[in-house]
Structures are given as C-alpha cells and as structure tokens.
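Colleague: I've never looked at this one before. Could you walk me through it?
Modeller: Sure, let's pull it up and start with a helix.

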Amino acid sequence: MSHKLDVAKLVQDLTLEEKAGLCSGLDFWHTKAVERLGIPSVMVSDGPHGLRKQDENPDHMGVGESVQAIGFPTASAMACSFDRDLLFSVGEALGEECITEDLAVLLGPGINMKRSPICGRNFEYYSEDPLVAGELGAAFVNGVQQHGVGTSLKHFAANNQEWHRMSISAEIDERTLREIYLSAFETVVKKAQPWTVMCSYNRINGTYSSDNSWLLNDVLRDEWGFEGLVMTDWGAMNDRVTALKAGLDLEMPSSHGETDKQIVAAVKDGSLSEDVLDQAVTRILTLVDKYLVHKKESTYDKEIHHLLAKKTAEESAVLLKNDGILPLKKTQKVAFIGAFAETPRIQGGGSSHINCYRIESALDTANNVAYAQGFRTDIDETDPALLEEAIRTAKDAEVAVIFAGLPDAFESEGFDRQHLNMPDCQNELIDKICEVQPNTVVVLHSGSPVVMPWLPKVKAVLDMYLSGQASGGAAVRLLYGEVSPSGKLAESFPLRLEDNPSYLNFPGTRQEVKYQEGIFIGYRYYDKKKMEVLFPFGYGLSYTSFAYDHLQVNATEATDQDTILVSVDVTNTGQMAGAEIVQLYVQNPKGEEIRPEKELRKFAKVYLEPGETKTVTMELNDRAFSYYHIGIHDWYAESGEYQILIGASSRDIRLRQNIQITSTKEIPFIAGETTTCEDVELFAKDTAPLDHMLRISGFAENTNGVENDSMGAGTDELMHNMFSGTPLHSILSFSGEELTYEDIQETIRKLNEQ
Ligand code: BGC
C-alpha cells in the first residue's frame, strides 16, 4: 500500500504538545489536524446501521440534525438473518456512504451480548450467543472496510446495560468473560481487523475499560493480534495517563486541551514514557494515512441502497406463528390496523438514530387494504374512538393485520426497559380485534423480545424487529408470500422476565452488577434448566418446509488437533422457494467442568428452490469442544464423548452423532493442603507419595473393611467416601502419632515435583 503520510518521520517532527493534542478529539466528531506538517483532521460518525453524520458545525453534545442517509435494519434484526453475505453487503453499502460523506470511521458494529432482554440498547446488538455476534460482526466489518473506511468495534467490553453504564463495575469471573463477553470481539478482531475498537464506559471488576491494560494491551493486542487504534466511547476517559499506558490511544470527543496538558506534564516529570505516547500517535496517524490513501470523490445510489435495506428486512424477519393463514391472498379483503402500518417503528433512539432518506410504510406499499390507526404511540392510553374504528374496520374484513410493537419511549439508548410488556393499549386492541375477527395476524416492531398475552388468540405473528426504512415494503412482501420468511431468532424469548438468568442481578446496585449467572446466559441457561420459553433461540418458521438427512461426520474419534468435517443434506420439501438456517450445536459431555448442555458452534444459511437439495458442510476445530480453563488460562477441549447436533432451532434437533474427543493438552496437577485424596488418585501422575504417607499414618487401613462399628450399615462405602473426600492436611487428624505436619508438606512437595 502506498502511503500519504510518512508516519515514522511525523512522529519525530511533532512537538510533545502536538503529539499529546493528537490523542484527543478536536470536537465531537473530528480528530485534530497539525497543519504545519500536513496532517489533516478526519471525521468519524455513528453507526452502526446507517450514517448519523452531523452537518458542518457539530454541537458539543452531538445531538443536532444529521444528513439524510439509509436506515438499515438494526443489529438485532439483521442478526436473525444469520447471513454473513448479507451483513457483508450492508457493510459494503455503508462503506460507500461513508466514502461519499467523507468519513474515516463508522462507529460500529456493537456486538455486546444480550445478557438481559431488557437492556435498553439490545436493538443495537446482535445476539445472546457470541458465535452469532462474532461471525456477523466480522462480515459487517469486512464489508465496510472493503471500501477503505474504518469501523469501530464497540463497546469493549461488558457493556450489557444502560443503567449507570458510565460508571458501573461489571463483576465477571474469568471464564465467563472469555467464553461469553469477550469471545465475539475475539472473532471480529481475528477475522476482520477493525481499524479501531471503542472501549466501553463501564468498569470491569473495578477497572475502567479505558484504563484496563489487561483488556487492551494483553488480550486485545498481544493475544488476539489487534493492529488498530483504541478510542474511548464518548466521554469514557477515566485517567488519561493511565489509559495511554493501558493502550488507549484516542480520547473522544474533545477534552478541550485538559487531558492533553496532563499527558505533557506526565512525560515531563517522567511518569509517562514518551515511547508510549509515540506509539499512540503512530496508531492515530496510521489511521489518518489509511483514510487519505482510500479517500476519493464518490456518490451512491440511494434507491439501490433502499432496496438493499428492504432485502435485508425481508431476510431478517422472523415468522413466530402461522396457523395456516399466511401468506395472504391478493383476493382477500384485508384490513391493516395499528399506527405502525402508517408510520412503522424502524429504529431505536440514541446515537444510532438515522435521519432516513425515505420511509416505506406497509400502507404505502399495499394495494386495496382498509386501514385504521387503532392506537396512539405517544401515550399508553386507549383512545376509545380509535379503538371503535379499528374494531369496525377489522370486522368488515376477512383478515386483520395488526402492526403493533414498542413505541420509541419504551426502548432506547440511555435507559433500560422496565419489563417485557407491550403498551397496554395495544394489548387491549389486539384482544378486542380477536373478539370480532378470527383471522388476526400481528406484525411486531420492537428491537428486543416482548411477551404476548394474546398469542393463543391470533393466527400468525411476524416479527419484523426494527427493520429500517424499508420496513413496510418488506412486511407486505412477506405477508403476501412474495418472499418466504427465513429469519430465526438470535436470542431466546422468555415466558416471563423473571425467568431470565440475569433477573436477580440486573441491573445491579449503583456501584456494581454481579454476573452471577456466569456462562449461563440465554439458551445456555434455559436448556440446562429444561425450561419452557416463549420462543427458543434459533427458532423461526417458513412458508415452505425443509428435511434434514445424511448427517456425515468424517470421524468418530478425533483429537483436539484434528479438523472435523460435518456435512448434512437439506431439502426444500415444500412448494415455495425459501432459505433455511442450519444450526450445528455441540452437546458437551459430563466432565470435570460445569458446562452448558449444548452450544452453537456453526451455522449456515442455504437458499433452496422447491424440491432442491444442497449439502451443507461445516468445519469444526478444537474451539468447538472447548471451555476456557482458568487453571491454564487457555481453551481446553476436555476428553470425552461429545455429540454433534444438527438443528432447525435450539429446540428442534433433527440429527445427531457421537464423537470421541481426546485432548492432547495436559492440565498440570497442583496439589495443596486442601487437595483431596480422591483428586490425587484421579489426577496425579504417580500416587506413590500419598500411598506412602497413608501407609505410615495407618489411615488407609482405618478406612478399609471396618465392620459393625458405630456408623452402621454401608460402612465400607461411607468410609471410602470419607477417605476420598479427605483433604491432605486433614489426614493428620485421623492418623496415629507417626505422622507430622512436615510429612504432609513433604508429600505435597513430591506430588508437585512429578
Ligand atoms: C455511544 C456510542 C456512540 C457515541 C458517539 C456514545 O454515547 O455509547 O455507541 O458511538 O456515543 O455518538
């Protein structure tokens, strides 16, 4: 790649003050320029599912009007497509828009996990499953960056709620962090090298993400190989000098020179090495250079992008219920009810809010449908006149389609939802319509799960999520069967909020939130507890049907070094063309560690004409069988009998096959005073040191073959269990006088020498 800036030379030529200055923003959206050396200022903008580029004179809060842009479906919608190619295309389109608008970095994607279904910002996040978020996030980043525009992978890490998001400490154990909250970031960094990563506002186990050297230097850069720059979320800087040392390069937005002065002072008094500053400046200038290299005059066709937004909405919608009423027929007399038929809710509030180029509603698209507004969206109160009109309109039709969901005030950045309910006025409307119209369909608009008390009464539910500016057009095409629904849920819909595993610890206290459910979020929890859910992870219906057969796994036994090939034939057995999302879960064995029943390890989306069969092949490596072992601080595929499951959802497993995995990694055995005799017998290479001690102590004989003593029946087993469960230091209490504390220490030492 040719360069526009000689970064190494510039770092030498810049003064200390200029270098410090480059480490914070010029204003809300720009980096600083150094005109005397030809370093320009570059602009960044939200993100993630459309551009929110503020006009020429940004205000200091970043809330002013933004340029018109295309509103794509939000992340929680797009994730339901499970379609890497589609996410890549959306990324590409956004990259084109960024180039046209002269933006260096698009602030997204947001790939935080959906720990609770009521996190206010869930609409901006992909999934409760790190594989889905990681794979789709990587495809999106690759799409944007294809055009020579950067992305900012956010919010790193553990920003899983809005309550006190700028200060709360997420208290998370090491294994949970690795398996659930860091894993998607790892995937995106390794597969797509985002130009930038945005650190989260919150603290993790007490340390602000901006100050967290373990997070930014050790894990992100040294372990995963991240090459770009780390910027703060807007206002997420805690301690500027500590942050620089921790690997945080760019503070956003402007610090008005305050933290620049701190950097200069720290270099002067020796508490900050100038090399650390130079490294941050190098990363910032490298970003500017990349931008300059790719910068060009460009335009994009808004109508073409609108069509892509529509296709994305179609591929992402999830058909949750269909008692044979959908698709609708053109000849049917249909009534559209509900304000969202006229003005669809297409996006969430906050920094991702787009000034949409145009909005296509269902009413704009459909021909010959009756319409009644039914409810108000500005207040949760039934309007009797609107209700009456809706009932009349529904009664007069053969089918009523109610466009319902969460209004803006229920779901936004900045606050969490209080519950899973839809507005009462809408629930009442649906109930009342069902009383007069047996053929009722609900089209949902919300960024995250809701409960549906009316579910048994309606014939079909189509969940559009927040599906962007072409939402209405996409909904109509789906309703009338011009395209078959093919989305599947990237998150579980619980029956009640109280069922959610984070319920007892969400959103925590004013200071901290304890992730006590550990790795058991979403389906990992509901499956383990064998709980009913409203709709399971990976679930979604179609107008056609699919058969799965010929599962082939290329080995019945393998080591953690092997690549395993899994293939399965999927056939469209229905009358209509459609796409199926094939899910591969691995069922874990009962082993040493507590693990989820099964975990999604691969997925693929296949498009099939009626009668067509395709073979889907997926590749598994050791990570598919691994958990994060805190003893070795690494991934570990424990030996054991696993099952490969092929499912149409997490609760609809169609095919399965066993595979024996043998680990080649050794877990070092470290004995201590509290190590039990059983653990020594199971894990020590050689039990001789313990055997020897037991012989001199007489403890082994004492616990063998004792008859008729005061402990009663089953004594042999009881004594054996007592022996097994005895920690090394306690042997002293059950031994003759021959044994000393030093003997125990000596035994431990010998066991650890092996
Ligand atoms: C949000 C970020 C966003 C930034 C700039 C912050 O409040 O958390 O996601 O990119 O503002 O608007």
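**Helix 7 and beyond**

Modeller: Helix 7, residues 183-192, is mostly covered, with 8 of its 10 residues buried. Keep in mind that this is a predicted model.

Colleague: Which residues of helix 7 are the buried ones?
Modeller: They are Ser183, Ala184, Phe185, Glu186, Thr187, Val188, Val189 and Ala192.

Colleague: And what covers them?
Modeller: The cover over the buried residues of helix 7 includes helix 5 (130-145), along with strand 5 (150-156), helix 6 (174-181), helix 8 (213-223) and strand 27 (634-636). Right after helix 7 comes Gln193, which has a positive phi of about 40 degrees.

Colleague: Okay, helix 4 next. How many residues does helix 4 have, and how far does it reach?
Modeller: Helix 4 covers residues 84-100, so to speak 17 residues, and its first and last C-alpha are 24 Å apart. That is close to the 24 Å expected at 1.5 Å a residue.

Colleague: What happens at the start of helix 4?
Modeller: There, a side-chain oxygen of Asp83 comes to within 3.0 Å of the backbone nitrogen of Asp85. Beyond the other end, helix 4 is followed by Asp102, with a positive phi near 65 degrees.

Colleague: Which residues of helix 4 are buried?
Modeller: Among them are Leu86, Leu87, Val90, Leu94 and Ile99, and also Glu97 and Cys98. The elements covering the buried residues of helix 4 include strand 3, helix 3 (75-78), strand 4 (105-107), helix 11 (274-294) and helix 12 (302-316). Helix 5 is in that list too.

Colleague: Switching topic: which residues are closest to the ligand?
Modeller: Of the 14 residues that surround the ligand, the closest are Asp46, Arg121, His155, Tyr201 and Asp233.

Colleague: Any distances for the polar atoms there?
Modeller: A side-chain N or O atom of Asp46 is 2.5 Å from an oxygen atom of the ligand. For Lys154, a side-chain N or O atom is 2.9 Å from a ligand oxygen. Tyr201 has a polar side-chain atom 2.9 Å from an oxygen atom of the ligand.

Colleague: What about Gln54, is that buried or exposed?
Modeller: Gln54 counts as buried because its relative accessibility is 3%, which is under the 20% cut-off. Gln54 sits in the loop between strand 2 (44-46) and strand 3 (68-69). Its side chain makes a polar contact of 2.5 Å with the side chain of Trp29.

Colleague: Now the sheets. In what order do the 6 strands of the open sheet run?
Modeller: The order is 12-18-17-16-13-15, and the pairing is mixed. Strand 12 (318-322) and strand 15 (370-372) are the edge strands, each pairing on one side only. On average, neighbouring strands here are turned by 15 degrees against each other, ignoring direction.

Colleague: How do strand 16 and strand 17 pair?
Modeller: Strand 16 (399-405) and strand 17 (440-445) are parallel, with 6 bridges. Gly405 has His445 in strand 17 as its bridge partner.

Colleague: Which helix lies across strand 17?
Modeller: That's helix 17 (471-479), running at about 145 degrees to strand 17. Helix 17 also lies across strand 13 (334-337), strand 16 and strand 18 (460-463).

Colleague: And what is the order in the open sheet of 3 strands?
Modeller: That order is 20-22-25, and the pairing is antiparallel. Strand 20 (546-553) and strand 25 (613-620) are its edge strands. Strand 20 pairs with strand 22 (564-572) over 6 bridges, and Ala547 stands opposite Thr571 in strand 22.

Note on methods
Residues numbered from 1 in each chain as written. Predicted model: local features only at pLDDT ≥ 70, side-chain atom pairs only at ≥ 80, totals over all residues. Heavy atoms only, no water. Pairing = 2+ DSSP bridges. Helix = DSSP H or I, 4+ residues; strand = E, 2+ residues; numbered from the N terminus. Axes fitted to C-alpha atoms, helices over the stretch in contact; angles between N-to-C directions. Contact = heavy atoms within 4.5 Å. Buried < 20%, exposed > 50% of the residue type's maximum accessible area, 1.4 Å probe, protein only. Polar contact = N/O pair within 3.5 Å; in protein donor to acceptor, adjacent residues only side chain to side chain. Expected span 1.5 Å × (residues − 1). Near = heavy atom within 4 Å.
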